[in-house]
Structures are given as C-alpha cells and as structure tokens.
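Thanks for coming. I will go through one model today, starting from a single residue and working outwards to the sheet and the helices.

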Amino acid sequence: MGPKILITGSTGFIGRVVSRVLADRGYSIRLLLRPSDRRSRLPVPRVEAVVASFQDEGGIRAAVAGVDSIIHLASAEGEHRRRDLFAVDVEGTRSLLTQARASGVRRILYLSHLGADRSSAFPFLQAKGIAEHAVIESGIPYLILRSSLVYGAGDSFTNAVAFFARLLPAAYFIPEMDTHMQPLWVEDLAACMEYCLAENRYFGEILSIGGPEHLSFEQVVEVVLDAIRTPRMIVRVWPPLARFSLGVMDWILPHSPFTPFWMDYLAVPSTCEANSLSRLFGVKPASIREPLGYLRRNRGIRRLLQYVWRGNEVMQDF
Ligand SMILES: NC(=O)c1ccc[n+]([C@@H]2O[C@H](COP(=O)([O-])OP(=O)(O)OC[C@H]3O[C@@H](n4cnc5c(N)ncnc54)[C@H](OP(=O)(O)O)[C@@H]3O)[C@@H](O)[C@H]2O)c1
C-alpha cells in the first residue's frame with residue numbers, strides 16, 4: 001500500500017466513482033464521512049473511514065493525520081440552499097485546509113467548476129471561486145480541476161433530464177438559453193484524477209476540463225430523449241418563467257430533480273478546449289451518446305416517486 005489519500009465527498013456521485021477507481025488501482029484510501037442518522041453507503045467495501053463534520057476540529061485533524069494527498073469533493077451543491085453551500089464548500093474547505101497544512105499534507109486536488117469566480121453573481125460559482133482561492137492560498141501544493149458538467153450513472157444531471165421527460169407527456173420545456181456546455185463522463189474524470197496523482201503532474205496549476213463536444217442544453221436534452229427512446233416536442237420558455245417553475249418545484253417536492261442552481265448552470269458557458277482530456281492526460285473522452293445506457297434502468301413511476309422522496313441516493317442504488 002502506498003501513501004494514504006483522503007477523499008472527501010466520497011459518498012457523492014463523483015466521489016463514489018473516484019473512490020472505486022483509486023481502490024481498484026491499489027491506492028490506500030481513507031474516506032471522510034459526515035455524521036448522519038442514515039447509514040453511509042460506502043463506495044467501496046472494507047475501507048478506512050473517519051466520521052467527522054467540518055466544524056469538528058479534532059475530527060478533521062484525525063482525518064488528515066498521516067495523509068499524503070487529499071481529493072476534496074465534499075459540497076452542498078445538491079442541498080439547494082445558498083447557506084449550506086457557503087458553510088460546506090467555503091467554510092468546510094477552509095477548515096480542512098487548516099488541519100491539512102498543520103498535519104503536513106503533501107498535495108490537494110480540488111474539483112471545481114468552469115466559471116468559478118469569487119465575484120460571480122451566481123452563488124455556486126462564487127462559492128467555488130472562494131474555495132479555490134482558499135486552496136491556492138493554503139500553502140499546500142494544489143491542483144484545481146475546473147470541470148464542465150459531469151454525467152454518469154448516479155448523476156443528478158442526465159437522470160433529472162430523463163425523469164422530467166418521463167413525467168410530462170408530449171412536450172419538454174427548456175429555458176430559452178443557448179449557452180454551451182461540455183458534458184464529461186465521470187469515469188473519464190476519475191481517470192484524469194488518477195493520472196494526476198500517479199504522475200504527480202500539474203500541481204500548482206488550474207486546469208479547465210470537459211468532454212469532447214460543445215453542446216447547448218437543448219442538444220443535451222435531445223441526446224437524452226433519444227437514449228431513453230422517449231420522443232418529446234421541445235418547447236423553449238422564457239427564462240424567468242423557467243426559474244420560477246423550478247423554484248416552485250423545489251419548494252413543493254422533498255427532492256426536486258432540478259435545483260434552483262440549474263438556471264445558473266445554464267446561464268454561464270461551461271466550455272473549454274474540446275481536446276483538453278487527450279492533450280493533458282492522454283485520455284480519449286467518451287462522447288455523451290456512448291455511456292447513457294444507465295438511463296434506461298431508471299424507468300417507471302415508482303422509481304420517479306422514490307427519487308422525489310429520497311433524492312439522488314436512489315440513483316446510486318445502481
Ligand atoms: N457533478 C458535476 O457536474 C460537477 C461538475 C464540476 C464540479 N463538481 C464538483 O465536484 C464535487 C462533487 O460533486 P458531486 O456531483 O459528486 O456532488 P454530490 O453528489 O452532491 O456529492 C456531494 C458529497 O459531499 C458530501 N457532503 C455534503 N454536505 C457535506 C457536509 N456538510 N460535510 C461533509 N460532506 C458533505 C456528500 O455527503 P452525503 O453523501 O453524506 O450527503 C457527498 O458525499 C463538488 O464539489 C462539485 O461542486 C461537480
């Protein structure tokens with residue numbers, strides 16, 4: 001077993017895949033889990049874990065003790081509230097960095113978003129920008145990967161698009177916005193992270209990454225509708241009306257498939273070089289048309305209701 005890697009956010013959509021990939025490659029990993037009434041659904045069996053909240057100084061100290069590298073993925077983006085976002089993504093990151101520096105952690109890999117900016121008007125991009133700044137200022141050798149939207153089994157992106165299609169007959173409503181994104185398959189992202197750790201490359205840099213295609217949201221919806229063989233007429237609606245409708249859904253449903261942050265994702269272009277993965281990591285990225293088979297497994301009204309009730313963890317049962 002090599003040097004220890006601490007993974008935060010390992011129970012999330014990306015964290016589960018990254019943890020599995022690193023464990024499969026023989027890395028020695030430790031997971032930071034947050035305290036919860038629910039039993040944590042570990043991404044890999046029989047793995048070392050520390051349960052601590054970011055406010056628990058002693059717990060975080062124990063989590064980083066003896067750790068060589070950190071992959072920091074914990075985020076409250078899925079919680080839908082600005083307050084949580086700043087408490088976890090900003091203050092949580094600061095608390096982790098303080099203990100990591102004191103414990104002599106050698107390097108940290110932080111996953112951020114394309115468009116992250118401390119002065120952004122959009123809360124999730126602003127939170128990411130502030131967290132990035134804290135990482136850079138920490139004095140710990142860092143690598144920041146700024147990614148476009150990531151998709152794959154268990155995501156809350158393509159699954160949400162597919163659910164919405166199954167919910168409404170005939171028409172599919174999208175906001176009238178033509179910003180582009182570059183969907184990145186989660187397995188490709190994990191491969192890039194593994195490359196950076198293994199080669200110890202790009203530390204000290206901020207890299208922009210995305211999948212091989214620049215697509216509008218409308219094009220992504222068309223690809224998903226095609227993958228689930230659910231033809232719908234796409235209807236473009238006035239963005240303020242779309243934002244209002246998402247707000248209402250979020251207010252009414254225990255877990256809305258779409259967070260209010262969705263409109264923010266669509267408001268800011270999330271693109272970079274189309275060949276970023278092959279150029280930087282020698283990874284040939286999947287086209288979004290290739291890996292969407294997982295969407296066909298999540299069929300049926302029962303699963304839709306489970307999703308609305310329990311949230312994205314339903315997806316991760318697969
Ligand atoms: N998904 C994308 O398209 C995308 C694109 C670019 C960058 N990113 C960034 O990548 C990271 C991971 O994204 P994701 O999609 O995997 O997110 P996710 O599925 O929502 O997972 C979030 C993770 O953070 C943990 N977490 C939430 N609140 C926490 C708290 N208070 N204390 C400790 N842990 C907490 C969650 O733990 P529980 O399981 O206990 O809730 C979960 O493990 C995030 O920083 C996100 O901003 C994501």
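**From one residue to the sheet**

Start with Arg 82, which sits in helix H3. On conventions, this is a predicted model, where local features need pLDDT of at least 70 and side-chain atom pairs count only at pLDDT 80 or more, while totals for chains, interfaces and linings use all residues. Residues are numbered from 1 along each chain as its sequence is written, and side-chain values use heavy atoms, with hydrogens and water left out. Helices (H or I, at least four residues) and strands (E, at least two) are DSSP runs, numbered from the N terminus.

Is Arg 82 buried, partly exposed or exposed? Arg 82 has a relative accessibility of 45%, so it counts as partly exposed. The cut-offs are under 20% relative accessible area for buried, over 50% for exposed and partly exposed in between, with a 1.4 Å probe and protein chains only. Contact means heavy atoms within 4.5 Å. Setting aside neighbours within four places in sequence, Arg 82 contacts Pro 123, Gln 126 and Phe 261. For a distance across the model, the C-alpha atoms of Arg 82 and Phe 281 are 34 Å apart, with the two positions 199 residues apart in sequence terms.

Further along H3 (residues 82–103) is Ser 95. Ser 95 is buried, at 18% relative accessible area. Not counting residues up to four places away in sequence, Ser 95 touches Phe 54 and Ile 60.

That leads to helix H2. The axes of H2 (residues 57–64) and H3 come within 9 Å and cross at roughly 50°. This makes H2 oblique to H3. Axes here are lines fitted to C-alpha atoms, for helices over the stretch in contact, and angles run from 0 to 180 degrees between N-to-C directions. Angles under 35 degrees count as roughly parallel, over 145 as roughly antiparallel, 65 to 115 as roughly perpendicular and the rest as oblique. The crossing of H2 and H3 is right-handed; the near helix is turned clockwise from the far one by less than a right angle, and anticlockwise would be left-handed. On the H2 side the residues are Glu 57, Ile 60, Arg 61 and Val 64, and they meet Ser 95, Leu 96, Gln 99, Ala 100 and Ser 103 of H3.

Now the sheet. In what order do the seven strands of the open sheet run? The order is S3-S2-S1-S4-S5-S6-S11, with parallel pairing. Strand S3 (48–51) and strand S11 (205–209) are at the edges with a single partner strand each, so one side of each has no neighbour in the sheet. From one strand to the next the twist averages 20°. H3 packs on this sheet, touching strand S1 (4–8), S4 and S5, and its direction makes about 170° with that of S4. Two strands pair if DSSP finds at least two bridges between them.

Within the sheet, look at strand S5 (residues 107–113), where seven of its seven residues are buried. One side carries Arg 107, Leu 109, Leu 111 and His 113, the other Ile 108, Tyr 110 and Ser 112. Strand S4 (residues 67–72) pairs with S5 in the parallel sense over four bridges, and His 72 has Tyr 110 as its bridge partner in S5. S5 also pairs in the parallel sense with strand S6 (residues 142–147), over six bridges. Leu 109 stands opposite Leu 143 in S6, and Ser 112 has Arg 146 as its bridge partner there. The chain goes from S5 through helix H4 (residues 123–137) to S6 in a right-handed β-α-β crossover; that means the path over the helix runs clockwise from the first strand to the second, with the strands pointing away from the viewer. Helix H6 (residues 186–199) lies across S1, S4, S5, S6 and S11, at about 155° to S5.

Outside that strand order, S8 (residues 171–175) has four of its five residues buried, so it is largely enclosed by the rest of the structure. S8 pairs with strand S13 (residues 233–237) in the parallel sense over five bridges, with Tyr 172 opposite Ile 234.

Last, helix H5 (residues 158–167) and helix H7 (residues 217–227): their axes come within 10 Å and cross at roughly 70°. That makes H5 roughly perpendicular to H7.
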